[in-house]
Amino acid sequence: MTEPPRKKSRVHLFTDGACSGNPGPGGWGFILRHPASGAEIERSGAERATTNNRMELMAVIAGLEALTQPTIVDLYSDSQYVLKGLNEWMEGWKKRGWRTAAKKPVKNAELWKRLDELQGVHELHYHWIEGHAGHVDNERADALAVAARQTLRANAG
């Protein structure tokens, strides 16, 4: 006898990226919250020479990769780049062989491809939130990203 399919759980993912200089040292951070259980994880990371857009993408990738099974994800981001890329631009890029409408290679294509794979595993719902406007979880994700960037800079010296 086969088991019925498990119902997907639902989580909230708050992400942010930060960069000092563009390019320059950058950090990313995320908060992953399971509203049913109240469980929450926070993670962050940093890169020495990167861009703000790459850090925004890395925050989403790291948050989705932290999930251990297919999940319904409410993604909250202040990055129009990330949200429009996922919601509006990606299908066209894929149809054109990861090229823009102007036939130029898509910037950060390797990260977009990772997101595309993760989007195939999880059911994503996109929510834009205004950055630096007092949203508690966005401010926390930003603080994680900034702290990761600052730790990287302090350890580089």
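**Sheet, helices and pocket**

Let me begin with one pair: the bridge partner of F14 lies in β2, and this partner is I31. What we have here is a predicted model, in which local features need pLDDT of at least 70 and side-chain atom pairs count only at pLDDT 80 or more, while totals for chains, interfaces and linings use all residues. Residues are numbered from 1 along each chain as its sequence is written, and side-chain values use heavy atoms, with hydrogens and water left out.

Strand β1, residues 10–19, runs antiparallel to β2 and is joined to β2 by 8 bridges; strands here are DSSP runs of E with at least two residues, helices are runs of H or I with at least four, and both are numbered from the N terminus. Two strands pair if DSSP finds at least two bridges between them, and on that basis an open sheet of 5 strands, with mixed pairing, follows the order β3-β2-β1-β4-β5. Its edge strands, each pairing on one side only, are β3 and β5 (123–128).

Turning to the helices, α1 (residues 52–65) packs on this sheet and touches β1, β2, β3, β4 (72–77) and β5, where contact means heavy atoms within 4.5 Å. The direction of α1 makes about 155 degrees with that of β1, with axes fitted as lines to C-alpha atoms, for helices over the stretch in contact, and angles running from 0 to 180 degrees between N-to-C directions. Helix α2, residues 80–95, lies across β4 and β5 and runs at about 140 degrees to β5.
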